[in-house]
Amino acid sequence: MAKRDVRSMRLVFSYEGRDVNLVSRQSVEMKSPVSDELQTREGQPGFWYELRDGQGRTLYRRITQNPIRYSAEVRSDDRTRPLEWQRKSEAKGTFVLHVPELEQARFLLVFSSPLEPAESGKPATEFARFDLQKGKEPVR
Amino acid sequence: MSTADGAVIGTTKIVDHGSPVDRFNLVLVAEGYRQAELGQFATDAQQCVNRLFGTRPFDELRCAINVYRVDVSSTDSGADDPAACGGTGATPATYFDASFCNAGIQRALLVNTTTVLNVVNSQVPQWHQIVVIVNSTIWGGAGGTIGTTSVAPGWEDIAIHEMGHSAFGLADEYEYWAGCGIDTDRNNYTGGEPAEPNVTKGSNRATNKWRDLVLAATPMPTTSNADCTKCDPQPNPVSAGTVGAFEGAKYYHCGLYRPQFNCMMRDLSAFCAVCQRRIRQTISPYLADCYAPVFCGSNWRLVCLLRRIGYLLLIVVLLIFAWIPSVMCLIKQLLFRIKHCGKGNTNPYIGL
């Protein structure tokens, strides 16, 4: 039986501090998470990623927790407050984003508030941009 | 401390609700289990599944989710426990090289994510969320799309909480960062409206982010913190489960509100109504609109042959009306009956 066209891109990134690199890109026959609302989020804090076409129109957006962190959430010893955050001595790691494989999609943009925990309420700005029709290096 | 220290034994689909192309696929991976301990891993994985599907709203969304168990054996049990963080100094030889004490944090338990990706990409290419279960009873874990957790008491809830962040974009609803009485810069939130759906600056009934869930009789804000230099010590003044605006959320004592007094994203209790809604919005698209029929198989080849012929004739007739969704579903169910005529089907959750 013919399957619906539900291809997604799995994008694997490495980061060290503010440097984010696209390590691999894989096309997979699977459904991506649904898009959040596409209206502008200018001035809002948080973390999200977007697909945009060549004209800069947003095609897909997903809000999620910032995977690029100077801190880690860990179990605390307090039963009534079971979780807490601790500062990391280094900020590096790997994260994965799933996005729908859209024909018109040209760029992947990552937006983030400043990474310092105390500045998480400041507006998110463009953190990294990748040209999906070119290589793996960030455009800027 | 590498892939030479074990082997990928295989993958079992422990919750099968249909094709991975259409479902949300959760993958549980073994780390630090010796070959003889993989039975324990199967038990731990099942425990995680039971907890997940015992948690609202996953109980009602279970048909949208597949769960896979990837059995990986290691030479030794457990994870590295560096003495630098006060650990035992143990360095067991494990497949994904799990270690506590990452970036100076004793309970930050990490694995070699490149190796995890290589294994899971080949075993379950359609994965959405990976949780690596590490065979250690020392508290530890890490969030993210490739999360890790040890099997210390209560680990299942922490794994679900971390999925709340990585799979559903939910914010923490607790009002401290390092801890109540420890933070000195968490008194008043002065930033913009948070992007996450379960925390807000707005306690105004008319404009609040989740106002459609707030009853007219519920005061807004529902609680206010009388001393913004501290975590709010007051008990819940309204009945459990009431949706309102409770001051103290996302690491701030004041200025940010959460939807309910308790929540999985605050204290590992049940998800609040707003978080449940976000989870439903994310997972519902993975629900099938058509499910496999439950029926008895037949050991008699002639019976099966006759049934198959009958079903095929019926399908030919129904094809005229295949544009009607319910008829298309019926055709899929008949094809499923043809394919599984001999063994039948007892699982009502297989999406077609």
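What percentage of the 140 residues of chain A count as buried? Hi everyone, let's take that one straight away: the figure is 36%. Before I go on, please keep in mind that we are looking at a predicted model.

Let me stay with chain A for a moment. Its secondary structure consists of 9 strands and 0 helices. If you walk along chain A from the N terminus, the elements read β-β-β-β-β-β-β-β-β. Along the principal axes, the C-alpha atoms of chain A fill a box of roughly 55 × 40 × 30 Å. For those of you who like contact maps, take the contacts in chain A between residues at least 6 apart in sequence: 53% of them join residues at least 24 apart.

Now over to chain B. Here we have three stretches to keep track of: domain 1 covers 3–166, domain 2 covers 170–268, and domain 3 covers 295–345. How far apart are the centres of domain 2 and domain 3 of chain B? Taken over C-alpha atoms, 54 Å separate them.

Finally, the place where the two chains meet. Chain A brings 43 residues to the contact, and chain B brings 44 residues. On the chain B side, α3 (113–123), α4 (155–166) and α6 (273–283) each supply at least two residues. Of the side of chain B that touches chain A, α4(B) gives the largest share, with 3 residues. And what is the make-up of that side by class? The side of chain B that touches chain A has 22 nonpolar, 16 polar and 6 charged residues.

That's my tour, thanks for listening!

Methods: Residues are numbered from 1 along each chain as its sequence is written. Chains are lettered from A and ligands numbered from 1 in the order in which they are written. This is a predicted model: local features need pLDDT of at least 70, side-chain atom pairs count only at pLDDT 80 or more; totals for chains, interfaces and linings use all residues. Domain bounds come from an automatic or database domain assignment. Two residues are in contact if their C-beta atoms, placed from the backbone, lie within 7 Å. Helices (H or I, at least four residues) and strands (E, at least two) are DSSP runs, numbered from the N terminus. Ala, Val, Leu, Ile, Met, Phe, Trp, Tyr, Cys and Pro count as nonpolar, Asp, Glu, Lys and Arg as charged, and the others, Gly among them, as polar. A residue is buried if 20 or more other C-beta atoms lie within 10 Å of its own, exposed if 12 or fewer, and partly exposed in between; C-beta atoms are placed from the backbone.
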